[in-house]
Amino acid sequence: MKLTVLNDVALIKGGAEARVAATPDTVAGYVKAGHDVTVVKDAGAKADFADKLYTDAGAKIAATNTAGVKTADLVLSITGGNEKLVVGMKKGAGITGVMSATDNPKFAEACAKAGVTAFALDYIPRISRAQSMDVLSSQSNLAGYRSVVEAGGIYGRAFPMMMTAAGTIAPAKCFIMGVGVAGLQAIATARRLGAVTTATDVRPATKEQVASLGAKFIAVENEEFKAAETAGGYAKQMSAEYQALQADLTASHIAKQDIVITTALIPGRAAPILVTKAMLDTMKPGSVLVDLAVERGGNVEGAKPGEIVTTKNGVHIVGHLNWPSRMASDASNMFARNIKNFLPLVTADDGAYSPDWEDEIIKGCALTKDGAVVHERLTS
Ligand code: NAD
């Protein structure tokens with residue numbers, strides 16, 4: 001099949017994207033498998049993959065995204081491109097990406113109109129067979145790591161305890177709120193840096209995971225907590241009573257913390273506010289909070305998307321967007337491997353582009369089929 005690697009960097013204004021959906025390594029594999037690969041100029045430049053590495057791997061270079069997608073059977077992309085781009089694609093072709101489809105239903109409509117199949121990688125079902133294709137996990141893991149490293153850069157003190165001739169430095173106290181994929185990696189990173197680490201979540205399964213990473217688990221462990229996990233493994237929206245108990249516990253704990261990383265999300269809803277202005281007022285000057293949920297409304301009151309806000313009492317709230325893009329090279333490597341593992345599901349035995357419409361992973365992530373929007377999250 002004809003594969004085109006999109007220049008996502010050029011599509012997203014303001015340099016907000018630095019990743020690329022295929023690396024020279026994965027491209028070499030595609031060429032070896034007999035596919036015809038085109039990479040749009042400078043697609044990997046911001047992730048440390050120069051065009052020459054792609055041509056050495058056997059790819060051709062297209063001058064622009066519009067030129068590159070024209071004859072492609074499948075376009076490999078981080079973002080899924082945009083409405084304007086898909087109009088210029090071949091009817092019957094496919095495009096991959098993290099599409100946040102319910103936030104932007106017009107994109108799926110544009111794909112349907114163009115006869116293009118949109119494979120929303122963020123909708124890939126979280127079943128065991130699909131773990132190696134799970135871009136949400138591969139990217140969240142890096143976001144969790146980076147959030148702690150970035151907090152360490154802003155924090156004016158050290159993370160580990162240091163006993164020197166000039167005196168002793170106390171270890172930083174780090175609190176992770178929300179122990180999903182990002183939170184677990186944040187705990188592991190904070191521990192490696194030597195911080196005294198605590199963590200909280202509403203799902204009971206996380207208690208053991210936190211302990212296994214050597215951190216202390218702190219939560220309101222009542223009857224509601226025991227039933228807070230959905231069958232799909234996600235958090236439920238907690239009752240007002242639970243939230244009040246959780247806020248009391250957080251308030252007494254957070255005043256002693258130096259670094260707080262919040263990652264709490266509930267699928268299909270705004271992120272819960274876990275750190276209020278009143279709690280921020282009790283924190284020490286120089287403390288750093290990183291709100292990884294800021295794109296979905298934020299866990300920290302006063303967090304601003306894309307900004308670092310410093311409160312009157314000197315507490316820094318970091319609201320950066322697109323954390324995986326801050327680690328563009330590793331994030332691209334992981335993303336590219338996720339797509340490589342996805343590719344067999346759209347490849348016929350002879351190597352032609354042919355999605356397997358019987359496969360539950362394809363059914364779970366395709367937004368469009370044969371000129372219509374078909375995904376239940378968009379049609380129901
Ligand atoms: P997520 O991004 O949806 O949420 C992050 C965390 O926030 C979750 O742990 C959630 O319980 C927590 N949270 C929500 N509300 C909270 C509150 N009020 N207070 C404190 N914490 C709160 O989560 P995720 O990273 O996508 O992971 C969710 C689950 O899915 C985990 O169990 C994870 O292991 C699982 N998972 C499974 C697969 C698979 O392929 N089987 C892949 C990835 C993740």
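**Reading terms in a predicted model**

Me: Why is T164 called partly exposed?

Reply: In this predicted model, T164 has a relative accessible area of 42%. Buried would need a value under 20% and exposed one over 50%; 42% is in between, so T164 is partly exposed.

Me: Where is T164, and which backbone atoms does its side chain reach?

Reply: T164 is in strand 7, which covers residues 162-164. A polar atom of its side chain lies 3.0 Å from the backbone nitrogen of A166, and the T164 side chain also reaches the backbone oxygen of G167, at 2.9 Å.

Me: What makes these two pairs polar contacts?

Reply: The cut-off for a pair of N or O atoms is 3.5 Å. The pair with A166 stands at 3.0 Å and the pair with G167 at 2.9 Å, so each is within the limit.

Me: How far is T164 from T96 in space?

Reply: Their C-alpha atoms are separated by 53 Å, with the two residues 68 apart along the chain.

Me: How do you know how many disulfides the structure holds?

Reply: The count is zero. A disulfide needs two cysteine sulfur atoms within 2.5 Å. For C111, the nearest cysteine sulfur is that of C365, 12 Å away; 12 Å is not within 2.5 Å, so C111 is in no disulfide. From the side of C365, the nearest cysteine sulfur is that of C111, and C365 is likewise in no disulfide.

Me: Are C111 and C365 buried or exposed?

Reply: C111 has a relative accessible area of 0%, and C365 also stands at 0%. Both values are under 20%, so both cysteines count as buried.

Me: Which residues have the most contacts inside the largest nonpolar core, and which helix gives it the largest share?

Reply: That core has 59 residues, and those with the most contacts inside it are V27, L74, L76, F119 and F342. Its largest share is five residues from helix 6, residues 105-114. Apart from this core lies another one, of 33 residues, including A186, F225, Y242 and V288.

Me: What makes D201 a polar contact of the ligand?

Reply: A polar side-chain atom of D201 lies 2.7 Å from an oxygen atom of the ligand. The cut-off is 3.5 Å, so the pair qualifies. V181 qualifies through its backbone, where a polar atom is 2.8 Å from a ligand oxygen. Q131 has a polar side-chain atom 3.5 Å from an oxygen atom of the ligand, a value at the cut-off itself.

Me: How much of the ligand does the protein cover, and which residues surround the ligand?

Reply: On its own the ligand has 840 Å² of accessible area, and the protein covers 83% of it. The ligand is surrounded by 21 residues, the closest being R126, V181, D201, R203 and Q246. By class, this shell has 10 nonpolar, seven polar and four charged residues.

Me: What makes the phi of D42 and D48 worth noting?

Reply: Phi of D42 is near 60° and that of D48 is about 70°; both are positive, in residues that are not glycine. Most residues other than glycine have a negative phi. D42 lies in the loop between strand 2 (36-40) and helix 3 (51-56), and D48 is in the loop between strand 2 and helix 3 as well.

Me: Why do D42 and D48 have the exposure labels they have?

Reply: D42 has a relative accessible area of 36%, in between 20% and 50%, so D42 is partly exposed. D48 has 58%, which is over 50%, so D48 is exposed.

Me: Why is Y353 called buried?

Reply: Its relative accessibility is 15%, under 20%, so Y353 counts as buried. Y353 lies in the loop between helix 13 (328-342) and helix 14 (360-365).

Me: How do you know that A251 and V149 are partly exposed?

Reply: A251 stands at 32% and V149 at 34%. Both values fall between 20% and 50%, so both residues are partly exposed. A251 is in helix 11, residues 240-254, and V149 is in helix 7, residues 135-154. C-alpha to C-alpha, A251 is 9.7 Å from M283, and V149 is 7.9 Å from T189.

Conventions
Residues are numbered from 1 along each chain as its sequence is written. This is a predicted model: local features need pLDDT of at least 70, side-chain atom pairs count only at pLDDT 80 or more; totals for chains, interfaces and linings use all residues. Side-chain values use heavy atoms; hydrogens and water are left out. A nonpolar core is a set of buried Ala, Val, Leu, Ile, Met, Phe, Trp, Tyr and Cys residues joined through side-chain atoms within 4.5 Å. Buried means under 20% relative accessible area, exposed over 50%, partly exposed in between (1.4 Å probe, protein chains only). Helices (H or I, at least four residues) and strands (E, at least two) are DSSP runs, numbered from the N terminus. A residue is near a molecule or strand if one of its heavy atoms lies within 4 Å of it. A polar contact is a pair of N or O atoms within 3.5 Å; within protein, one must be able to donate a hydrogen and the other to accept it, and residues adjacent in sequence count only if both atoms are side-chain atoms. Accessible areas come from the Shrake-Rupley method with a 1.4 Å probe; for residues, only the protein chains shown count as cover. Ala, Val, Leu, Ile, Met, Phe, Trp, Tyr, Cys and Pro count as nonpolar, Asp, Glu, Lys and Arg as charged, and the others, Gly among them, as polar.
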